[in-house]
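Colleague: I'm new to this one. Could you walk me through it?
Modeller: Sure, have a look here and then ask away.

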Amino acid sequence: MKETDYKTYIDEDELPQAYYNVRADMITAAGGHDHAPILHPGTLQAVSVADMEPIFCTELAKQELNTKDRFIDIPGELIDFYRMYRPSPLVRARFLERLLKTPARIYYKYEGNNTSGSHKLNSAIAQGYYAKEQGLRGLTTETGAGQWGTAMAMAAAYFELELEVFMVKVSYEQKPHRKTIMQTFGASVVPSPSNTTEVGRKMLDEFPDSSGSLGTAISEAVERALSTEGYRYVLGSVLNQVLLHQSIIGLETKIAMEKIDEYPDIVIGCAGGGSNLGGLMAPFIEDRLAGRQSPYFIAVESASCPSLTRGRFAYDFCDTGQVTPLAKMYTLGSGFIPSANHAGGLRYHGMSPILSQLYHDGFLDEARAVDQISVFDAALQFARTEGTLPAPESSHAIRVAIDEAIKCRESGEEKVILFGCTGNGYFDLTAFEQYLNGTMTDSIPTDEDLARGFASIPSLEGIQ
């Protein structure tokens, strides 16, 4: 591949016309390989499109398993929708640079300029499109902090689809306005775990006061989809199809940086399930896979849910109820439940198989876990200098971008730092209030806490 090949898929308005599929390049890269196959929970054999069709839209199942096509065309109707808010801004954080007195040049790709408030709409609208094309009646999904649920509600309304959202209970209680905006777009919102599904009732019987987890919400959403005619399940992160859709973030970023004759020395993204980081870094990781110049990649996760930094690289279920396929990923165990006092998203027990494999193979350079208090400290510095209130998830990346810029100040290095600002924080004001009045706390899992989660990782005889 020539370095400029991706430009073939960028139109005159700098909007991508195709998604970039990093898996095709992972297979051919020297020293790297595709992630291990996703396994059927019953047979423990690699899943096929037919295996996935009862859960996912057919076209999305095909995208999930596509290892050959480097670029996948974006349908015209989706491109028209993207034009409402894309390309998203690439901004130089000059005021933050001045505050930090750093010689570094700091850039961020801002994904908060749409009603959903985050990058999640990039994949939500694609998944809604393929559901409508298949003639489905409705969809089910889960949401943690609420960004994905909000985005999916917008997409479902646009395509006149029914939508049921299982929202992690602690977020349902902490962020009532997220629930309201989902309902505004016509979605039904259920706090998870709930008594409306078999897996939810089982969880409540065992843990009556459970604050919920994304793994549990996924189990409930999958159960509902499988039991409702004309419905399928959609997911906002982790899956290959989602990272594929989010690649438009990185494609736009790369072309914009080339226009101003810049190339990042460091690329930083928050990492929960991997959709934002994977999307931002995709065309830059292609440079690494091809043996060209590439940035230093840092994945930033919450110290409350540290899958990359403290997890195990193993096959695990993608949900707490253990009904979904198994993926090889960095995981804390599907039974792990993060602390209820964690204000942001980034609550998933595992990491994208793509990013997990890249990290395992050394193509993703570093994972760093940061605590909640320092994250909100960084959020306030950013808001007060750059004039944008960032989402708590984004603020994990901001924290490390600030730390790296300070290192540049101390060393005198003029590095170019790029991070993803995944969305705005206007629905997270309760958390900002807690930080400002001093009631915010941190809860970092002990080794004993992690051991309980690891105990839920299945032991698969003869499968590596």
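Colleague: Let's begin with the largest pocket. How do the residues of its lining divide into nonpolar, polar and charged?
Modeller: The lining divides into eleven nonpolar, eight polar and six charged residues. Keep in mind that this is a predicted model.

Colleague: Okay, and how many residues line the largest pocket, and which lie nearest its centre?
Modeller: There are 25 lining residues. Nearest the centre you'll find M203, F207, T320, G335 and I337.

Colleague: Which helices each supply at least two residues of that lining?
Modeller: Helix 10 (198-206), helix 11 (214-226) and helix 19 (447-454).

Colleague: And where does the largest share come from?
Modeller: From helix 10, which gives five residues to the lining.

Colleague: How much space lies in there?
Modeller: About 630 Å³ for the largest pocket.

Colleague: New topic: how many salt bridges does the structure hold?
Modeller: It holds 26 salt bridges. One of them is between the side chains of D34 and R23, at 2.7 Å from N to O.

Colleague: Where do D34 and R23 sit in the chain?
Modeller: R23 is in helix 1 (22-28), while D34 is in the loop between helix 1 and helix 2 (49-52). They're eleven residues apart, and the pair links distant parts of the chain.

Colleague: Are D34 and R23 buried or exposed?
Modeller: Both of them are buried.

Colleague: What about E162, which residue does it form a salt bridge with?
Modeller: That's R137, with the closest N and O atoms 3.1 Å apart. E162 belongs to strand 6 (residues 162-168), and R137 to the loop between helix 6 (121-133) and strand 5 (138-143), so to speak a link across 25 residues.

Colleague: Why does E162 count as partly exposed?
Modeller: Because its relative accessible area is 37%, and partly exposed covers what lies between 20% and 50%. R137 is also partly exposed, at 41% relative accessibility.

Colleague: Back to helices. Which residue does D287 meet in a salt bridge?
Modeller: D287 meets K254, at 3.0 Å from N to O. D287 is in helix 13 (residues 275-289) and K254 in helix 12 (residues 240-259), 33 residues apart.

Colleague: Why do those two count as buried?
Modeller: Buried means under 20% relative accessible area. D287 counts as buried because its relative accessibility is 1%, and K254 does because its value is 2%.

Colleague: Which residues are linked with D287 and K254 in a network of salt bridges?
Modeller: D25, R70, E286 and R292 are linked with them in that network.

Technical notes. Residues numbered from 1 in each chain as written. Predicted model: local features only at pLDDT ≥ 70, side-chain atom pairs only at ≥ 80, totals over all residues. Heavy atoms only, no water. Salt bridge = Lys/Arg side-chain N within 4 Å of Asp/Glu carboxyl O. Helix = DSSP H or I, 4+ residues; strand = E, 2+ residues; numbered from the N terminus. Buried < 20%, exposed > 50% of the residue type's maximum accessible area, 1.4 Å probe, protein only. 1 Å grid on protein atoms, 1.4 Å probe; cavity = no way out; pocket = protein on both sides within 12 Å on 5 of 7 lines; lining within 4 Å. Points joined across faces, edges and corners; volume = space filled by probe spheres on them. Nonpolar A, V, L, I, M, F, W, Y, C, P; charged D, E, K, R; others polar.
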